[in-house]
Amino acid sequence: MLNERRPILLTNARIVDPSRDSDFTGDLLIADGVIRDAKRGIGAAGVPEGTEIIDCRDKVVAPGLVDMRAFVGEPGADYRETLATGSQAAAAGGVTTIVMRPDTTPAIDEPAVVDFILRRARDTAIVHVRPMAALTKGLKGEEMTEFGLLRAAGAVAFSDANRSVTNAQVMRRALTYARDFDALIVHHTEDPSLVGDGVMNEGEFAARLGLVGVPNAAETVILERDLRLAALAGARYHASALTCIDSLDVLRRAKDMGVPVTASCSINHITLNENDVGSYRTFCKVSPPLRHEEDRAALVRALASGLIDTIVSDHDPQDVETKRLPFAEAAPGAIGIETMLVAGLRLVHNQEIELSKLIAAMSMRPAELLGLPGGNLRPGSVADVIVLDLNVPWVLDPNELKSKCKNTPFDEAKLQGRVVRTIVAGRTVYEYV
Amino acid sequence: MDIASQPPFVLSQRHLLGIEGLSRDDINGLLDRAEHFVDYNRQINKKQSTLRGRTQINLFFEVSTRTQSSFELAGKRLGADVMNMSVGSSSMRKGETLIDTAITLNAMHPDILVVRHHASGAVELLARKVDCSVINAGDGSHEHPTQALLDALTIRRNKGDIERLTVTICGDILHSRVARSNIILLNCLGARVRVVAPSTLLPPGIERMGVEVFRDMREGLRDADIVMMLRLQRERMSGSFVPSSSEYFHYFGLDEKKLSYAKPDALVMHPGPMNRGVEIESGVADGAQSLIREQVEMGVAVRMAALEALAQNLPNA
């Protein structure tokens, strides 16, 4: 049943489509891989013969999620995640489009690698996969890559993954050149010299634990520089994961000035804070580090107000061997593609953000920024659709996760709500029974 | 043909440091005179005596083949004694400053100095320290006046008139002295000038120099009469301005397809030396619409006109 592509009618659902600002009870009809209709009372009578009719009473139907930042280890690190396992994890988490980080081995810095990934994904992945290409050759921060040819090959944006380009001249030229191709630059904003040996948020907690801290300024120094350069070049710039209040002030000022800038935050930084590190839990070691509770709360407010545009999973599978180490020596990174939405639902249940805002930041906005189809439920759009049960309570068992690695900060967390069906281009690729 | 039967053109200034500062009459006067030298250079006896007894020193701080040999031939055909000094053999290598070199050479009483230097403004600086006439044979990314004149002569001979032509200059505008001199000259003679390049190779503010700016060859070449290609000047680049020559060629290299966006009778120019397969495809460079070889011929004639015009102002002339 799972791979059959016959028409699907989702009935009696609460249909949440941020692209039309709509939230209503009705039916959604999918045929030939596209959304045919989404309205009240399509009913079983008005659908093609052979349509699979699924009762979605008390469930939410929403656009499939577009995750702008996920690491997949193909090519070069299959032991961490393959396109097959990564896409299964994505499907289970309601993510219908994975945007891959370019720091594979070799890096995605030439058109042939983009081509390889797209072919490999076509053959092995069950959701859409779109590669980001490297911003600089070999991610070295020295020479920009072939934005034109890479874009033509299928790269959706340009980024040096978890590295910042420290040379401002290189950054200026890249932004200037990117503008000609209308290419989106996605940049990690962290000054490596200010990060130094830092492993967690700078402050009282780091002091007590005896760990070296990373100051907020490591982020704001680069962000401030980048936004001035983006204004100079007139280029589209996206901060890949902001974490602190100070950055929000910088971002707001640039947006008010009309700079074409947008920003993401990771699911970790809006649902967790530095206290979650507890007694040196390495699964909560991420880069940039989890911040203060005030920062977390401010990020959520920024999402609600639209100052922050998108939420990313920052999915970063790490082997047990790289995590079962003293905190300072452990690799940073957490998996998240499978838990992004349910973790986000915590904020909805706590009434920190509306459901439609959360969904928009995970689907519509990233699709818009990257120029991708999907991210909405309008008739005629690609049928990337998810069905959610908002209320079912469960406890996360890492062994049930599809990802190759189990480094989740939500290990044994009590969660409420889950994805019950994921449809990619009209085909059901995941079903929770 | 007797060149002496035509009155020589007299330039109203001592030096030729740039197109900036020349009047429309100056430019047309030099071009008219150069026309005569074109015919003259096609004769068997190319020797003249206008500059007999005069000393011309070609002082090249930057390597050059065509410009230096073109100036050398021009001087010799006019009867001057020509000496070439290039950076490899000069005392600049031993630490002498530009001004000391100028003073030293000045003491040898040359009549005309032809100077190329890698720094913008260096030729003008040197000109202030010498008693002779100075011709700028290219200073940094600033000006290369005789190149613009020879380009204008080439266009004029093929299109009749420069006024109202659409001339598109493509490529590395940022580092190009040829582009700057041509922009000024073509504007002065009433052409519509466009530039096409990636933003990284356009100097901010270029639109104020009287050009329309494009970043796409299809748009920039539409209805162009003249397509002027520039060399990607890697030696002047610190860091990367474009990601690779293959991407550069794909978007900005002149091939048959991109040339077809211009007028059917559009003509192709390049100041040389060419990077075939980087900014221009071989088929186009050697094709029927190419004026590249003719540009070299015009170079000698234009430089003869310039040397002669300046010599009219020399003492005891």
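How much area do chain B and chain A bury between them? In this predicted model, the answer is about 1300 Å², with 53% of that on carbon and sulfur atoms. On the chain B side, S240(B), P243(B) and E247(B) lose the most area to chain A, and together they make up 41% of what that side buries. In terms of contacts, 17 residues of chain B meet 16 residues of chain A.

So what sort of chemistry sits at this interface? There is 1 salt bridge between chain B and chain A, and it joins D180(A) to R215(B), with 3.7 Å between the closest N and O atoms. Sort the chain B residues that touch chain A by class and you get 7 nonpolar, 8 polar and 2 charged. Polar contacts between the two chains come to 9 residue pairs, both partners being at pLDDT 80 or more.

Now for the rings. A pair of aromatic rings is described by the distance of the centres and the angle of the planes. Searching the whole structure turns up 6 aromatic pairs over all chains. One of them is F147(A) with F158(A), a tilted pair at 4.6 Å centre to centre and 40° between the planes. F147(A) belongs to helix α3 (residues 147-153) of chain A and F158(A) to strand β10 (residues 158-159) of chain A, so this pair ties together parts that are 11 residues apart in sequence. Both rings belong to buried residues: F147(A) has 0% relative accessibility, and F158(A) likewise has a relative accessible area of 0%.

Another pair, F181(A) with Y251(B), is edge-to-face, at 4.8 Å centre to centre with 75° between the planes. This one crosses between chains, going from the loop between α4 (168-180) and β11 (185-187) of chain A, where F181(A) sits, to helix α8 (residues 245-252) of chain B, home of Y251(B). F181(A) counts as buried because its relative accessibility is 15%, under the 20% cut-off. Y251(B), at 22%, is partly exposed. Put these rings together with Y177(A) and you have one aromatic cluster: F147(A), F158(A), Y177(A), F181(A) and Y251(B).

One last stop is a glycine. G213(A) is found in strand β13 (residues 213-214) of chain A, and at 15% relative accessibility it counts as buried. What is G213(A) in contact with, leaving aside its neighbours within four places in sequence? The partners are V195(A), G198(A), M200(A), N201(A), E202(A) and A206(A). As for A157(A), 56 residues from G213(A) along the chain, the two C-alpha atoms are separated by 31 Å.

Conventions:
Residues are numbered from 1 along each chain as its sequence is written. Chains are lettered from A and ligands numbered from 1 in the order in which they are written. This is a predicted model: local features need pLDDT of at least 70, side-chain atom pairs count only at pLDDT 80 or more; totals for chains, interfaces and linings use all residues. Side-chain values use heavy atoms; hydrogens and water are left out. Contact means heavy atoms within 4.5 Å. Buried area is the accessible area (1.4 Å probe) that two parts lose on being put together, summed over both. A salt bridge is a side-chain nitrogen of Lys or Arg within 4 Å of a carboxyl oxygen of Asp or Glu. A polar contact is a pair of N or O atoms within 3.5 Å; within protein, one must be able to donate a hydrogen and the other to accept it, and residues adjacent in sequence count only if both atoms are side-chain atoms. Ala, Val, Leu, Ile, Met, Phe, Trp, Tyr, Cys and Pro count as nonpolar, Asp, Glu, Lys and Arg as charged, and the others, Gly among them, as polar. Helices (H or I, at least four residues) and strands (E, at least two) are DSSP runs, numbered from the N terminus. Buried means under 20% relative accessible area, exposed over 50%, partly exposed in between (1.4 Å probe, protein chains only). Rings of Phe, Tyr and Trp (its six-membered ring) pair if their centres lie within 6.5 Å; planes under 30 degrees apart count as stacked, over 60 as edge-to-face and the rest as tilted.
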